[in-house]
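The following exercises are to be worked with the sequence and the model side by side. Each task is followed by a stepwise solution.

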Amino acid sequence: MKALTLSLALTAGLLLQAPAQADTLLVDRVQAESQPMPARGQTMAQVEAKFGAPQQKHAPVAGPGDRQHNPPITRWDYAGYSVYFENSHVVDAVAKRATPTEAGPKPVQ
């Protein structure tokens, strides 16, 4: 029992000495900033009219096989987020990481 008490006391002492560091979660930052992003279902024309021209438009990429089961996916990059289109409609808008230590999706390389 004394060994357990001593072990717990040493562990608590080590934890108290460790510097407090908290990771910023990408989800938390996005909710806090509440930056307007395109909504699912909007067309490319609607996105460009409302949010302006993207910084970069990537060529469509399609999976192997027929277009019905593997439609082309296009990505547009804006300053704080990327927009993904299936054919010409938004399927998702994803915020970019602000810092390398921010926990979130792996950046595209």
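**Exercise 1: The β3–β4 hairpin**

Task: Determine how strand β3 and strand β4 are joined.

Solution. Step 1: Strands β3 (residues 81-86) and β4 (residues 89-95) run antiparallel and are joined by six bridges. Two strands pair if DSSP finds at least two bridges between them; helices (H or I, at least four residues) and strands (E, at least two) are DSSP runs, numbered from the N terminus. The model is predicted: local features need pLDDT of at least 70, side-chain atom pairs count only at pLDDT 80 or more, and totals for chains, interfaces and linings use all residues. Residues are numbered from 1 along each chain as its sequence is written, and side-chain values use heavy atoms, with hydrogens and water left out.

Step 2: Ser-82 has Val-94 in β4 as its bridge partner.

Step 3: Two residues lie between the strands of this hairpin, in which Asn-87 takes a positive phi near 55°.

**Exercise 2: The nonpolar core**

Task: Identify the residues of the largest nonpolar core and the elements that supply them.

Solution. Step 1: A nonpolar core is a set of buried Ala, Val, Leu, Ile, Met, Phe, Trp, Tyr and Cys residues joined through side-chain atoms within 4.5 Å. Buried means under 20% relative accessible area, exposed over 50%, and partly exposed in between (1.4 Å probe, protein chains only).

Step 2: The largest such core has nine residues, namely Val-47, Phe-51, Trp-76, Tyr-78, Tyr-81, Val-83, Phe-85, Val-90 and Ala-93. At least two residues of this core come from each of α3 (44-51), β3 and β4. The largest share, three residues, is supplied by β3.

Step 3: Beyond its neighbours within four places in sequence, Trp-76 is in contact (heavy atoms within 4.5 Å) with residues including Met-44, Val-47, Pro-54, Tyr-81 and Phe-85.

**Exercise 3: Aromatic residues**

Task: Describe the pair formed by Tyr-78 and Tyr-81.

Solution. Step 1: Rings of Phe, Tyr and Trp (its six-membered ring) pair if their centres lie within 6.5 Å; planes under 30 degrees apart count as stacked, over 60 as edge-to-face and the rest as tilted.

Step 2: The structure holds three aromatic pairs. One of them joins Tyr-78 and Tyr-81, which are stacked at 5.2 Å centre to centre with 20° between the planes.

Step 3: Tyr-78 counts as buried because its relative accessibility is 5%; Tyr-81, at 4%, also counts as buried.

Step 4: Phe-51, Tyr-78 and Tyr-81 form one aromatic cluster.
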